[in-house]
Amino acid sequence: MIWESVLAKFKELFGDEGEIGVYFAPGRVNMIGEHTDYNGGHVFPCALTIGTYGVARKREDKKLRFYSMNFEGLGVLESSIEGLKPEKEADWTNYPKGVIWAFGEKGMRVDCGMDLVLFGNIPNGSGLSSSASVEVLTGFILRDMFGFDVTNQDLALIGQYSENKFNGVNCGIMDQFAIAMGKAGHAIFLDTATLKYEYAPIKLENAKIVISCSNKKRGLGDSKYNERRGECESALSQIKEVIEIGALGDLTEEQFEQHKDAIKDEVCRRRAKHAVYENQRTVKAVEALKNNDVKLFGELMNASHVSLRDDYEVTGVELDTLVEEAWKVDGVIGSRMTGAGFGGCTVSIVKDEAVDAFIEKVGAAYKEKIGYAADFYVVEIGDGPVKLA
Ligand code: GLA
């Protein structure tokens, strides 16, 4: 068991006295609905069975002692719950610190310190939300240790708040929501404008979800993520002059085509086009799945990638190579980049009998073109956060 080795590490570093809790929060993959969550659109992510393990214990003083088995070289990082202040990404401890800070901002004061050891089996910075996983995990631990009266949906909102205000990344709600609300075997069809959601079973008869990791690292903070948000906001304010809407997600494709000339800047117009069409594609994709039309679902995934590549411009040669090579393999139902983009991972639906060939062919072509290897994960859809011991 992975958690047993994390617990052993905790005891080795911090001793075994007192009440020690062992916890897990998943990572997530988004099947379709990319860069729609800050445009009042729909998303369709699911939690994974890979994620972040955390072992924690309350302290009597104000100290925070944090250790990550993924960054062993950094050793134990010590700080205090006093004077936590929003700052730009320094090291991974900004994620748990940001959540402690965010609870305080919401009127739930964390009044003593804690010892915490983490281990994540999600590749870091890969677009599978390792950071949101740490945020939701921290919130889940704080709720358990301090008895705060918050729901899992609140944990998602607090996680997002901490990422926005403490870590300076203007992310939407998708990642934290998918992680906090995950359900095994299901994706979450979430309307980010209202937070209404429904669980949709993912029944892929004779097919698997395969994640291909480009191994091109990306930090959301220094990527163009915030720039894309700004472009969408600018497009929205221009189109609002000719049609009354609250968000780009309110538009149908037809309405967009009718009013798009109100967006003067060509780049912003393309960004808005993606946001509108991707939202509609997501609605259609969930409908297709309900009708057991996995083929159509795959086609919509492919169209999503093309739009992210050409109109939203968040892919890059690494993700494009993974997807375009995937499309060539027999037995691939659909393939697209997932997450923020600019590096990270792709998600593909691959027929069972084609999985080995997929990994071999896409892997070889990627290495040949990019010069280093990609990693592949055949994943399962898991539950939200849990206390393991
Ligand atoms: C990141 C953000 C999400 C979402 C995706 C793009 O993962 O954290 O809120 O915007 O990018 O769909």
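Two strands count as paired here if DSSP finds at least two bridges between them. That rule sets up the sheet views below, and everything shown comes from a predicted model.

**View 1. Six strands make an open sheet.** Reading across, the order is β5-β4-β6-β3-β1-β13, and the pairing is mixed. The edges belong to β5 (77-80) and β13 (386-387): each has a single partner strand, so one side of each goes without a neighbour in the sheet.

**View 2. Zooming in on β4 and β5, an antiparallel pair.** Strand β4 covers residues 63-68, and four bridges tie it to β5. Look for K63, whose bridge partner in β5 is S80.

**View 3. Two helices lie across strands of the sheet.** Helix α1 (residues 2-14) lies across β1 (21-30), β3 (45-58), β4 and β6 (114-120), and it runs at about 145° to β6. Helix α2 (residues 94-105) lies across β4, β5 and β6; here the angle of about 145° is to β4.

**View 4. Here's the ligand and the residues around it.** The surrounding residues are R28, E34, H35, D37, Y38, C171, G172, M174, D175, Y225, G339 and A340. Sorted by class, that shell has five nonpolar, three polar and four charged residues.

**View 5. A closer look at oxygen atoms of the ligand and what they meet.** A polar side-chain atom of Y225 sits 2.6 Å from a ligand oxygen. On the backbone side, a polar atom of G172 is 2.9 Å from an oxygen of the ligand, and a backbone N or O atom of A340 is 3.5 Å from a ligand oxygen. The protein covers 97% of the 310 Å² of accessible area that the ligand has on its own.

Note on methods. Residues numbered from 1 in each chain as written. Predicted model: local features only at pLDDT ≥ 70, side-chain atom pairs only at ≥ 80, totals over all residues. Heavy atoms only, no water. Near = heavy atom within 4 Å. Polar contact = N/O pair within 3.5 Å; in protein donor to acceptor, adjacent residues only side chain to side chain. Areas by Shrake-Rupley, 256 points an atom, 1.4 Å probe, with all protein chains shown as cover. Nonpolar A, V, L, I, M, F, W, Y, C, P; charged D, E, K, R; others polar. Contact = heavy atoms within 4.5 Å. Axes fitted to C-alpha atoms, helices over the stretch in contact; angles between N-to-C directions.
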